[in-house]
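Here's a quick briefing on the structure below, for anyone who wants the main points before opening a viewer. Have a look at it first, then read on.

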Amino acid sequence: MEWVNAIVQGILIGGLYALFAAGLSLIFGVMRLVNIAHGDMIVAAAYVALVVVQATGLHPLASAVIVVPLMAALGYAMQRLLLNPTIGKDLLSPLLVTFGISVILQNGLLVAFTADSHRLAAGSIETASIQVAPGLALGVLPLVMFAASVLIIFGLELIFYRTSLGRAFRATSDDPEIAQLMKLDRNHVFGMAMALSAAIVAIAGIFLAIRTNFDPSAGPARLIFGFEAVIIGGLGNLWGTLAGGIALGVAQAIGAQISPGWQILAGHLVFFLVLAVRPRGLFPRMD
Amino acid sequence: MATSTSTGRIRSLMNRRSFLTAAAGAAVSAPAILRHSRAYAETPKLRIGHVSPRTGPLAGFAEADDHILAGISKAYSGGIDNNGRAWAVEIISKDSQSNPNRAAEVSSELILNDEVDIIVAASTPDTVNPVSDQAEVNGTPCITTDCPWQPYFFGRNGVPDTGFQSTYHFFWGLEDVIASFLALWQHEGVAKKVGGLFPNDADGNAWGDAERGFPKPLAQAGFSLTDPGRYQPLSDNFTAQISAFKAAGVEVVTGNMIPPDFANFWSQAGQQGFKPKIVTIGKALLFPSVIASLGDRGVGLTSEIWWTPSHPFKSSLTGESARQLAEGYSSATGRPWTQPIGFKHALFEVVADVVKRAADLEDSEALVEAIRATSVDTIVGSVDWSKGPVKNVTKTPLVAGQWQKQGDKVDLVVTTNANAPQIPVGGELQLLS
């Protein structure tokens with residue numbers, strides 16, 4: 001039962017990793033850009049949620065009503081003003097810009113909020129759980145996070161394959177020049193992609209803030225697991241990202257069950273193995 | 001491994017560079033010294049260098065810097081008397097950015113460019129060690145605090161009989177933490193079964209070390225220890241540890257964690273139905289902001305206590321009591337008191353005491369001699385380097401206690417003083433479940 005419990009908890013954590021990764025996967029899929037500031041954007045969203053909760057007294061989960069549109073608008077503005085001017089043949093310049101955004105976000109948050117560690121109190125849901133079997137209790141919060149992550153990926157798939165915006169995303173991703181000939185405004189399409197990514201980041205940030213303490217320097221550690229989930233799952237495949245997150249979570253849980261020192265290492269080993277055997281990930285959808 | 005070699009290389013480069021700067025500086029400034037020494041100036045001026053992690057992950061330790069330094073500057077404003085003359089004092093404070101390489105860089109700047117006479121530093125081995133190393137290389141008198149003495153002493157390859165030339169440190173050590181925690185856990189109704197959460201970092205490895213850490217004294221005191229092994233900091237999943245603790249019937253959880261790891265463990269423990277009776281964690285539970293962020297689940301957690309407003313000490317510099325110092329900070333900033341406040345103040349008390357007694361303030365040897373002979377009762381207790389566990393180190397009292405609800409706020413209350421009977425106990429330990 002100990003092992004079953006470890007693996008089930010690992011799957012639930014995998015949902016969280018997929019949530020961290022979904023926005024990253026989306027941006028990479030549409031504009032071939034690795035957003036180094038992704039982890040810091042998650043932390044920034046956590047701070048936005050903190051301000052909203054303190055100002056309005058909303059429950060942290062309900063604060064999404066305000067935080068998600070706000071982050072989406074900020075994401076759109078960031079893409080149009082900072083990233084679009086650098087996107088072109090050269091892959092390095094936008095990458096460096098996101099690196100700069102990461103540094104600015106961390107230090108800006110430090111100035112605005114000090115180094116204090118914060119958390120969003122969500123009340124009894126934090127420690128509530130469902131006893132499935134003796135020795136196997138599923139936390140309500142991890143279940144909610146997992147469900148949210150599945151729903152978000154389902155929603156993204158719908159947007160990608162059922163809407164005109166999704167068609168624009170795919171077209172721009174396939175061939176930006178031809179897409180522009182078809183009167184698709186590349187700047188706007190990229191802006192919308194970043195807005196969507198930032199909306200997911202907002203939800204990831206709220207969950208991060210409920211789950212554990214965060215401070216201005218907490219972002220980069222979140223980036224690495226998200227990035228690994230994207231690579232394991234396969235570039236451009238959103239369901240693959242969920243699978244990648246779960247693979248990572250389970251690998252870490254099994255590693256930890258052998259010895260806690262193996263937890264993070266086991267995740268990295270799976271990542272390395274996938275890179276070595278199938279460099280394009282488990283379920284690649286993109287060349 | 002790679003990191004430590006590259007740090008080593010940076011350090012040796014730095015030393016070479018600092019030596020060149022020093023040599024050049026000496027050559028240029030020699031004639032100036034010949035023309036007028038500052039001892040003959042109207043009011044001679046003494047410079048104190050101060051290194052502290054103002055920004056970065058350790059910034060919480062330095063949050064009271066501005067307030068404390070303002071108070072100290074006021075106390076120093078009339079100058080300090082030395083051999084019948086008043087010396088003006090200037091404090092030059094620099095930020096280590098919570099980075100040991102940066103700490104070494106700014107301390108070398110302070111020593112070589114600002115030509116400080118004494119250098120002081122506080123807060124964790126990442127600040128204290130590089131600053132002390134730079135001071136030792138340059139022969140600058142150096143006083144540090146706010147870092148357990150083992151990482152300070154052994155982390156700098158100190159040899160107990162020889163010690164260091166010009167660098168001195170006051171704080172408590174791992175043996176005090178162990179003694180205080182053991183006293184805290186002596187409670188009827190709590191099984192002597194301890195679960196350990198030790199991360200794979202300098203502190204975690206020291207605490208979990210089979211010889212010098214917790215395992216041996218715990219066994220001697222009749223406690224069993226379940227230690228699943230070193231975890232990586234910033235782990236997202238503590239299920240393995242929680243299962244191991246449940247299987248062993250653990251009722252006391254201890255460890256040395258960073259706040260996000262502890263918050264993670266604590267909510268997972270709640271979700272998975274693990275209910276220990278006592279949870280005593282080093283480092284994570286020091287600051288009121290962390291406890292506040294845990295909400296109701298923060299009440300009842302226990303931690304080591306270095307200093308509280310109810311410590312029966314007063315400042316040798318301003319005469320303020322511990323409570324007055326803490327309340328001064330709270331009323332000036334609107335923030336709750338934190339433990340590093342007392343130690344930051346004490347650091348400058350010791351400096352003032354040394355400056356008063358030094359035979360010749362122009363001579364760094366004489367300053368070091370004065371530091372060695374220090375015996376002063378500060379706001380954190382007695383600082384006297386003749387009474388250390390090893391050379392160049394002296395210890396301040398350590399107790400342990402609990403975050404308890406008092407009215408509508410949560411405060412840190414001393415619940416055991418077995419290790420330092422002079423500190424009054426403020427309440428009784430309440431079990432978590």
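Setting aside neighbours within four places in sequence, B:Val355 is in contact with B:Leu46, B:Ile80, B:Asn82, B:Trp87 and B:Leu361. Bear in mind that this is a predicted model. B:Val355 is also one of the residues with the most contacts inside the largest nonpolar core, so that core is a good place to start.

**Nonpolar cores**

- The largest nonpolar core has 118 residues, and B:Ile119, B:Ile143, B:Leu347 and B:Val351 join B:Val355 among those with the most contacts inside it.
- Helix 13 of chain B, residues 340-357, supplies the largest share of this core, at 10 residues.
- Both domains of chain B feed into this core, with at least three residues coming from each of domain 1 and domain 2.
- There's a second, separate core of 98 residues, and A:Met41, A:Tyr47, A:Val250 and A:Ala251 are included in it.

**Domains of chain B**

- The domain assignment splits chain B into domain 1 (36-172 + 310-394) and domain 2 (175-305 + 399-416).
- Taken over C-alpha atoms, the centres of domain 1 and domain 2 of chain B are 31 Å apart.
- Where the two touch, domain 1 of chain B puts in nine residues and domain 2 of chain B puts in seven.
- On the domain 1 side of that contact in chain B, you'll find four nonpolar residues, five polar ones and no charged ones.

**Helix 3 of chain B**

- Helix 3 of chain B (residues 100-112) has 13 residues, which at 1.5 Å a residue should span 18 Å; its end C-alpha atoms are 18 Å apart, so the two values agree.
- This helix of chain B is mostly covered, with 11 of its 13 residues buried.
- The buried residues of helix 3 of chain B include B:Arg102 and B:Glu105, along with B:Pro100, B:Val106 and B:Leu110.

**Where chain A meets chain B**

- The contact brings together 36 residues of chain A and 34 residues of chain B.
- On the chain A side, helix 1 (2-31), strand 2 (136-139), helix 10 (238-258) and helix 11 (263-277) each supply at least two residues.
- Helix 1 of chain A gives the most to that side, with six residues.
- By class, the chain A side has 14 nonpolar, 17 polar and five charged residues.

**Chain A overall**

- Chain A has 11 helices and two strands, and along the sequence they run α-α-α-α-β-β-α-α-α-α-α-α-α.
- The radius of gyration of chain A is 19 Å, close to the 19 Å that the globule rule gives for 287 residues, so chain A is as compact as a globular protein of that length.
- Along the principal axes, the C-alpha atoms of chain A fill a box of roughly 60 × 50 × 35 Å.
- Of the 287 residues in chain A, 55% are buried.
- Take the contacts in chain A between residues at least 6 apart in sequence: 74% of them join residues at least 24 apart.

**Helix 8 of chain A**

- Helix 8 of chain A (residues 186-211) has 26 residues and should span 38 Å at 1.5 Å a residue; its end C-alpha atoms are 37 Å apart, which agrees.
- Helix 8 of chain A is mostly covered too, with 23 of its 26 residues buried.

Methods: Residues numbered from 1 in each chain as written. Chains lettered and ligands numbered in written order. Predicted model: local features only at pLDDT ≥ 70, side-chain atom pairs only at ≥ 80, totals over all residues. Domains from an automatic or database assignment. Nonpolar A, V, L, I, M, F, W, Y, C, P; charged D, E, K, R; others polar. Core = buried A, V, L, I, M, F, W, Y, C linked by C-beta atoms within 7 Å. Buried ≥ 20, exposed ≤ 12 C-beta atoms within 10 Å, placed from the backbone. Helix = DSSP H or I, 4+ residues; strand = E, 2+ residues; numbered from the N terminus. Expected span 1.5 Å × (residues − 1). Rg over C-alpha atoms; globule rule 2.2 N^0.38 Å.
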